Structures are given as C-alpha cells and as structure tokens.
Amino acid sequence: MTKKQFTGAQMVVKALAALDVKYIFGYPGGTVLDIYDALFQQTEVEHILVRHEQAATHMADGFARATGEVGVVLATSGPGATNCITGIATAYMDSIPMVVLSGQVPSTLIGDDAFQETDIVGCSRPIVKHSFNCRVVEEIPNIIAKAFYIASTGRPGPVVIELPKDLLMPTSMGEFHIDTDVKMRSYNPNIKGHHKQIKKAIKAISEAKKLVIYAGGGIIIANASELLTELVDKLDAPITNTLMGLGGISGTHKNYIGMLGMHGSVEANKTMANADVILALGARFDDRVTNNVKKFCPDAKIVHVDIDPTSISKTINAHIPVVGLLDVVLQQLLDELIATDFAPNKEERVNWWHEVNQWREINRVSYVQEGDQIKPQRVIEAMYKITKGEAYVCSDVGQHQMFAAQYYPFAKPRQWINSGGLGTMGFGLPAAMGVKLAFPESHVICITGDGSIQMNIQELSTCLQYNLPVVIISLNNRSLGMVRQWQDMVYGGRHSSSYMESLPDFVKLAESYGHVGMQINHLDELEDKLNEAFAIKNRLVFVDVLVDEKEHVYPMQIRLGAIDDMWIKKGVKA
C-alpha cells in the first residue's frame with residue numbers, strides 16, 4: 001500500500017503542528033505562496049499577518065520572551081528575508097529562541113541573480129545560532145525539528161531555514177516523517193556543572209567577606225528565578241541584575257540593590273566595585289555593565305556560571321568558570337551549601353551590609369518635579385501604581401527604556417521585554433503584540449518614545465485586525481532623547497539631528513487606525529488619564545504624554561571610567 005504523499009509546503013505546516021506551534025508571524029510573497037496555501041487549508045497553526053517582516057521577527061521575539069517558547073517567522077525570499085535581519089540580530093544578541101523560515105528561488109536558479117534572490121543564509125550567518133539549506137523535500141520535517149531543538153537548548157538563539165520554491169510546489173512530493181525527540185552527536189550542550197568547579201565556587205563563596213551576586217538574562221532563560229531567590233536568602237548577599245535580568249529576583253526583595261551598569265544604581269555599581277567575590281550567573285560582562293574593562297573590579301575573585309563556554313572569560317577573566325544550565329548549577333550550589341553546612345559569618349555580613357546601605361542612602365534615581373512639566377520618571381511611577389506592578393512592560397530603546405528599568409520594580413521573570421544587546425528602536429510595539437497574543441487577559445504596555453514608535457507604527461493596523469489591545473505610552477520629548485543627552489554631556493550641547501522638528505498628531509494617527517488616542521499635557525491629569533487608558537479593555541489605547549524634553553537619565557557611568565565612576569545628577573559625581 002502506497003503511503004500518503006505530501007508537498008514540501010504541507011510538510012512545513014505539518015512539522016510546525018507536530019512541534020505544537022500555535023502562531024507563525026509573517027508576510028506572503030512569491031516563493032512561499034505554497035506554504036500560505038497549506039496554512040489556509042488547516043486550523044492547527046494560526047498565521048499572523050504583519051505589515052512588515054521586521055515586525056514579524058519582533059512579534060515572534062516578544063512571544064518567545066514572554067512564554068519561553070520558540071517564536072516562528074515566515075518570509076519570502078529577497079527583500080522579505082532581508083527585512084528580517086534586524087529582528088534576527090535582536091534575538092541573537094539577547095539569546096532568544098526563534099526559527100525563521102525563509103523562501104528562496106528555485107534550486108535550479110540559485111546563484112543566477114534570479115528575481116528576488118538573496119543569499120539569506122550568507123547574509124544572516126554572523127547573527128544566527130545555525131542555518132539550514134533544504135535541498136531534498138523529505139528532509140524538511142526533521143530539519144525543522146532540529147532547528148527548534150538548536151534554537152531552544154543550550155544558549156538559545158535564532159535559526160534560519162532556507163526553503164527553495166521548487167521543494168514547496170505540488171511537483172515535489174514525499175512521505176512525511178518527523179522525529180521530535182531530537183538527538184545530535186555534534187551538538188550536546190553541557191547541563192551539569194563540573195563537580196570540582198562547583199566545590200571551588202563554594203570555597204570562594206565561603207571565604208568571601210564582600211560577596212555580591214550578579215545575575216543576568218540567563219536566569220530568565222533558564223527559568224531559575226526561584227532557585228536564585230533561594231540562593232540569595234541562603235547566602236544573605238546583595239544581588240544586582242543586568243538590564244536583561246530584571247525580574248530574575250523581585251525588585252522589592254530586601255537584598256536587591258537595583259540594576260547595575262551604565263544607568264544602574266549607585267549601590268549596585270559601588271557594591272560590585274568593592275566586592276571581593278563576584279558570583280556571576282548567566283551574565284556576559286557586557287560593556288554596558290563593565291565600563292572600562294581595565295578598571296573593572298580589580299580586587300574581586302570572579303565565579304562565572306554560564307551555559308555558553310565562549311562567554312566565559314571573553315571580556316573579563318573568570319577565576320572559577322562553571323559551564324552548565326543555570327537551574328541545574330544553582331541546585332548543585334544549593335546542595336553543596338547544605339552538605340557543607342554553610343552559614344555566612346554574621347559579623348562580616350553585618351559590616352558588608354553596612355557599607356552597601358551607606359551607598360543606598362545616596363539618592364540614586366532621584367528627580368526634581370518642577371511646576372506642571374511632566375517628568376518621564378513620574379509617568380513610570382504612575383504606570384506602576386495603576387498596574388500594581390503586574391503588567392508586561394515591553395520597551396523600545398532610549399531614555400524611556402532606562403526610566404522604565406529604573407522606576408518599575410519587576411516582581412517576576414518575563415515581565416520585562418526589551419532589546420538589550422542590539423538596542424533596536426521599533427522593537428517595542430510588535431514585541432508587545434506578541435506578548436498580548438500569548439496573554440490576552442494581562443495588561444501589556446508598550447513604553448516608547450516619539451522616535452522609536454515611528455519605526456514600526458504601521459503595526460497599529462495588525463493590532464486592529466487581530467484585536468490586540470495593548471496600551472502604548474509614548475514619552476514624547478520631541479527629540480531622540482538619549483542621543484540628545486549624549487550631545488548635552490559629551491558634545492557641548494550641539495544637538496545635531498536629534499530634534500524631531502516634524503511630528504504627527506499621534507492621537508489622530510491612532511484614531512485613523514481605528515484605535516483610541518489620548519494626549520496628556522499637564523501633570524494634574526496624568527493619573528486620571530492613565531487610569532482611563534487602562535480601564536479600556538477591548539481597544540488599543542495610544543497615550544501621547546508630553547514630557548520635559550530636557551530631562552536626563554541618571555545615574556550614568558562616566559565614559560572610560562571604572563564601574564562606579566558615575567554622574568548621579570547634573571554636575572554631581574558619586
């Protein structure tokens with residue numbers, strides 16, 4: 001008896017369904033129309049039609065960050081594929097699991113500069129975890145399964161699959177086989193930390209007089225938040241998060257000393273600078289944390305735990321490297337602490353906390369409210385109060401991103417969705433859409449600026465089509481705020497191309513897309529209008545908040561200084 005035959009396009013959709021994919025984000029074009037036809041003829045996988053392929057990648061990215069699942073993108077060849085590049089790079093820099101299905105011209109035309117041909121595998125090679133070229137129709141299902149496995153295990157990241165048009169057409173048929181229990185001899189990420197390195201780490205921790213825990217986005221990715229909190233309580237150590245690690249421990253935990261780095265808190269940066277042992281967990285010593293690497297924490301012994309061995313000692317030398325999955329390694333550390341009957345030295349801990357608390361007394365994220373001008377910090381505080389800290393906050397990139405990170409204490413992991421590594425303007429709105437799709441009953445906020453929102457503002461149309469009622473809060477300072485801040489502080493106030501001299505009426509623009517628009521001009525109406533915006537449950541609300549255009553983000557590290565060389569306000573150093 002002849003087994004049923006399927007086209008390559010049908011195999012793509014069947015493979016996605018077998019891998020429990022709920023949504024695929026994309027935009028149709030010539031080379032992938034057979035896949036779109038196969039999607040039309042089934043009900044298991046829902047396609048979300050965006051208005052630009054970059055938005056598809058960010059929407060898949062936001063969905064992946066909020067759920068921990070793999071985000072899936074579908075684009076046609078040539079410009080469709082290259083429009084995905086920024087979103088692929090965004091996911092790569094932040095270790096987000098994503099699979100991008102890219103059409104390609106027929107196999108016989110590859111290399112001939114055919115219509116809409118681009119070598120997407122070559123274009124994306126530096127910014128993907130892996131790539132696949134499909135050349136045989138029967139290989140498609142297992143290639144997709146392998147792509148999902150690679151994207152979601154070890155250090156997650158994006159995987160690109162190139163699908164030539166001739167493999168998708170009805171003229172190419174084959175039997176469907178998929179092995180969802182993937183095993184690859186050439187790819188076996190370390191799971192457990194080596195027991196000798198665990199013992200070395202515990203010895204360093206036990207001998208530390210000034211221990212600090214430095215936790216990054218790896219805590220979120222590994223779903224290790226509860227174990228991290230248990231470790232912090234056991235060690236009674238101060239803990240700081242990177243921008244990507246916010247929510248890895250509650251922002252209201254008694255040991256939490258705030259975000260560290262370029263716009264981190266004084267106490268976080270001072271604590272790191274004065275520590276004798278740094279326990280780094282799922283963080284990569286990014287330049288936005290270290291400042292000048294030659295001046296970084298010279299007296300500290302560094303224990304660095306990461307799933308990616310290439311991230312260890314890449315920037316800052318690790319004295320004790322531990323390679324493994326963070327949730328597994330944290331459990332190993334806790335077990336070893338229990339086995340050795342560890343208890344922190346009370347006198348040393350009291351002395352260390354006395355130092356840390358002195359730094360806490362410095363007004364680290366203060367601002368002065370003058371007259372009726374709306375300070376952007378005040379908007380974030382009001383947003384936190386109204387949502388009781390329970391919203392998903394998706395940020396674009398700029399001053400508004402830093403204000404949100406500083407003034408919205410995230411209580412849980414996966415609440416804070418932002419482009420950390422690449423710093424992609426235009427990320428916020430489509431990412432919020434992906435989160436809202438995953439959690440339709442939750443408050444989902446896009447915090448943005450008048451510059452960032454215009455990068456992907458066309459997705460307001462997608463929001464209406466799929467009923468994605470996010471709340472957009474634009475801190476409108478009529479400028480590219482972070483660019484202007486640097487120009488104020490470094491370039492003598494020469495504002496070269498940083499002011500937006502022509503802006504749309506965002507209220508009317510939102511209304512033209514079928515949404516609710518409102519503007520806030522005065523401080524005394526801020527909370528009432530934000531309450532009104534969040535009370536509207538079934539429609540997208542665009543809130544255009546006219547904020548003080550001269551406000552800077554403080555604290556701010558002093559360029560080329562040590563980690564704790566900081567401006568804490570205009571003209572005042574820490």
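Contact here means that heavy atoms lie within 4.5 Å of one another, and in this predicted model that definition underlies the description of what covers the buried residues of helix α2, a covering that includes α1 (8-18), β2, β3 (46-49), β4 (71-75), β7 (158-164) and α8 (165-168). The buried residues themselves are D34, I35, Y36, A38 and L39.

**T31, in the loop before α2**

T31 has its place in the loop between β2 (23-26) and α2 (33-40). Is T31 buried or exposed? Its relative accessible area is 7%, and because buried means under 20%, T31 counts as buried. Leaving aside its neighbours within four places in sequence, T31 is in contact with T76, S77, G103, Q104, V105, K165 and L168. Two of these contacts can be described in more detail: the side chains of T31 and T76 are joined by a polar contact of 2.9 Å, while the side chain of T31 also reaches the backbone nitrogen of S77 at 3.2 Å. A further relation concerns Q116, which is 85 residues from T31 in sequence, although the two C-alpha atoms are 8.9 Å apart in space.

**An open sheet of six strands**

Strands of a sheet pair through backbone hydrogen bonds, either parallel or antiparallel. In this model six strands form an open sheet in the order β16-β15-β17-β18-β20-β19, and the pairing is parallel. Which strands stand at the edges? They are β16 (416-417) and β19, each of which has a single partner strand, so one side of each is left without a neighbour in the sheet. Elsewhere in the order, β18 and β20 pair in the parallel sense over six bridges, and V471 stands opposite V541 in β20.

Strand β20 also holds D544, a residue that is buried yet has no salt bridge, the nearest side chain of opposite charge being that of R478, 7.0 Å away. The side chain of D544 does, however, have a polar contact of 3.0 Å with the side chain of Q519. When neighbours within four places in sequence are left aside, the residues in contact with D544 are S474, N476, F506, M518, Q519 and I520.

**Helix α22 and what covers it**

In helix α22, which spans residues 526-535, the residues L526, L530, A533 and F534 are buried. These residues cover an arc of only 90 degrees around the axis, which puts them on the same side of α22. The face of α22 turned away from this buried side carries the exposed residues D528 and A535. What covers the buried residues of the helix includes α16 (376-387) together with the strands β17 (444-449), β18 (471-476), β19 (516-520) and β20 (541-546).

**Salt bridges**

Side chains of opposite charge can pair when their charged atoms come close. The count of salt bridges in the model comes to 19, and the table sets out three of them.

| Salt bridge | Closest N to O distance |
|---|---|
| E336 and K199 | 3.1 Å |
| K210 and E355 | 3.0 Å |
| R284 and D286 | 3.6 Å |

The salt bridge between E336 and K199 links distant parts of the chain, with E336 in helix α14 (residues 326-339) and K199 in helix α9 (residues 195-207), 137 residues apart. As for how accessible the two partners are, E336 counts as buried at 17% relative accessibility, whereas K199 counts as partly exposed at 47%.

Where do K210 and E355 lie? K210 is in the loop between α9 and β9 (211-215) and E355 is in helix α15 (residues 346-360), so this pair ties together parts that are 145 residues apart in sequence. K210 is partly exposed at 27% relative accessibility, and E355 is likewise partly exposed, with a relative accessible area of 22%.

In the salt bridge between R284 and D286, R284 is partly exposed with a relative accessible area of 30%, and D286 is partly exposed with 21%. Elsewhere, salt bridges that share partners join D61, R65 and D94 into one network.

Definitions and conventions:
Residues numbered from 1 in each chain as written. Predicted model: local features only at pLDDT ≥ 70, side-chain atom pairs only at ≥ 80, totals over all residues. Heavy atoms only, no water. Buried < 20%, exposed > 50% of the residue type's maximum accessible area, 1.4 Å probe, protein only. Helix = DSSP H or I, 4+ residues; strand = E, 2+ residues; numbered from the N terminus. Arc of directions from axis to C-beta. Lys, Arg positive; Asp, Glu negative; His and termini not counted. Salt bridge = Lys/Arg side-chain N within 4 Å of Asp/Glu carboxyl O. Polar contact = N/O pair within 3.5 Å; in protein donor to acceptor, adjacent residues only side chain to side chain. Pairing = 2+ DSSP bridges.
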